[in-house]
Amino acid sequence: MTRRIFSTIIVLICFSLVCRAQKNDSTSLLTRPAHVGLIYPISTNGTSAARYTNRFSLHALAGVSAGETGCAIACTASIIKDSAAGAQFAGILNLIGGHAESAQFAGILNVVKGKSRGLQAAGLVNKAGSIEGLQVAGLSNTVRSESKGLQVAGLFNKAADVNAQVAGLVNVARKVKGI
C-alpha cells in the first residue's frame, strides 16, 4: 500500500513538472527555472524542450533546449538551439546554434555557430563563428572569422583575423594583430 502511494506521488510530480506555460503559441519561446532529464525527450520539458529557455539544466545523458541563461550540465551532450549565457559542462559535446556569452567545458568538442564571448575549453576541438575570449583545446581551435583574444591548442589554430595564437604545430590566420 505504501509503495503504491509513493509511486502515485512520484508520477504526479513528474506530470506536474511538464505542465505547459500560459502561452499556447507553438512558435513562442518559454522560460523555465529548471530542466532535468535523462535524454531528450525524457525530461521535465518533454518533446517541447527545444522551445524552452532554462536557467538551470541537468541531464544524465543529453539535453536539448532553446536557450540557457545559467548553468547546463550533461554527461554526454548539451544541445542549445539558440543562445546561451552562463556555463555549459558536457562530457563530450556542447553545441550552441546561436551566440554564447559563457564558459564552455567539454571533454571532446565545443561548437558555437555564432559569436562566442568568454571561454571555450575542450579536450580536443573548439569551433566558433567568431570569438572574444579564450579558446583552449588539446587538438585544435577553429574560428570562421575574427578571434579577439587567445587561441591555445596542442596541434592547430585557425582564424581569419586573430590577436594571439599558440599551437604545438600550426597557426593559420589571414591577419594577425598580436602574437
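## Exercises on a predicted, strand-rich chain

Among contacts between residues at least 6 apart in sequence, just 5% join residues at least 24 apart. Keep in mind that this is a predicted model. Let's work through it together.

**Exercise 1. Find how many helices and strands the protein chain has, and what share of its residues is buried.**

*Solution.* Start with the secondary structure: the chain has 1 helix and 15 strands. Next, turn to burial: of the 179 residues, 39% are buried. Finally, look at the outside, where the accessible surface is about 9300 Å² and carbon and sulfur atoms account for 66% of that area.

**Exercise 2. Work out which residues make up the largest nonpolar core, and which elements give two or more residues to this core.**

*Solution.* First, collect the members: Ile-80, Ala-84, Ile-96, Ala-100, Val-112, Ala-128, Ile-131, Val-143, Ala-159 and Val-162, which is 10 residues in all. Then assign them to elements: strand E11 (125-137) and strand E14 (156-167) each supply two or more. As a last step, pick one member and list its surroundings. Setting aside residues up to four places away in sequence, Ile-80 touches Ser-65, Ala-66, Gly-67, Glu-68, Gln-88, Leu-95, Ile-96 and Gly-97. One of these, Ile-96, is itself a member of the core.

**Exercise 3. Decide whether Asn-94 is buried or exposed, and identify the polar partners of its side chain.**

*Solution.* Begin by placing the residue: Asn-94 sits in strand E8, which covers residues 93-96. Its relative accessible area is 1%, so Asn-94 is buried. Now check the polar atoms of the side chain. One of them lies 3.5 Å from the backbone oxygen of Gln-88, and a polar contact of 3.0 Å links the Asn-94 side chain to that of Asn-110. To complete the picture, leave out neighbours within four places in sequence; the contacts of Asn-94 are then Ser-78, Gln-88, Phe-89, Gln-104, Phe-105, Ala-106, Leu-109, Asn-110 and Val-111.

**Exercise 4. Count the disulfides, then classify Cys-71 and Cys-75 by accessibility.**

*Solution.* The disulfide count is 0. For Cys-71, the relative accessibility is 22%, so this residue is partly exposed. For Cys-75, the value is 52%, so that cysteine counts as exposed.

**Exercise 5. Find where the pLDDT falls below 50.**

*Solution.* Take the overall figures first: the average pLDDT is 88, and 84% of the residues score at least 70. The stretch to flag is residues 11-26, where the pLDDT is below 50. In the model, this stretch has 19 contacts beyond near neighbours in sequence.

Terms used
Residues are numbered from 1 along each chain as its sequence is written. This is a predicted model: local features need pLDDT of at least 70, side-chain atom pairs count only at pLDDT 80 or more; totals for chains, interfaces and linings use all residues. Side-chain values use heavy atoms; hydrogens and water are left out. A disulfide is a pair of cysteine sulfur atoms within 2.5 Å. Buried means under 20% relative accessible area, exposed over 50%, partly exposed in between (1.4 Å probe, protein chains only). Helices (H or I, at least four residues) and strands (E, at least two) are DSSP runs, numbered from the N terminus. Contact means heavy atoms within 4.5 Å. Accessible areas come from the Shrake-Rupley method with a 1.4 Å probe; for residues, only the protein chains shown count as cover. A nonpolar core is a set of buried Ala, Val, Leu, Ile, Met, Phe, Trp, Tyr and Cys residues joined through side-chain atoms within 4.5 Å. pLDDT is the predictor's confidence in each residue, from 0 to 100. A polar contact is a pair of N or O atoms within 3.5 Å; within protein, one must be able to donate a hydrogen and the other to accept it, and residues adjacent in sequence count only if both atoms are side-chain atoms.
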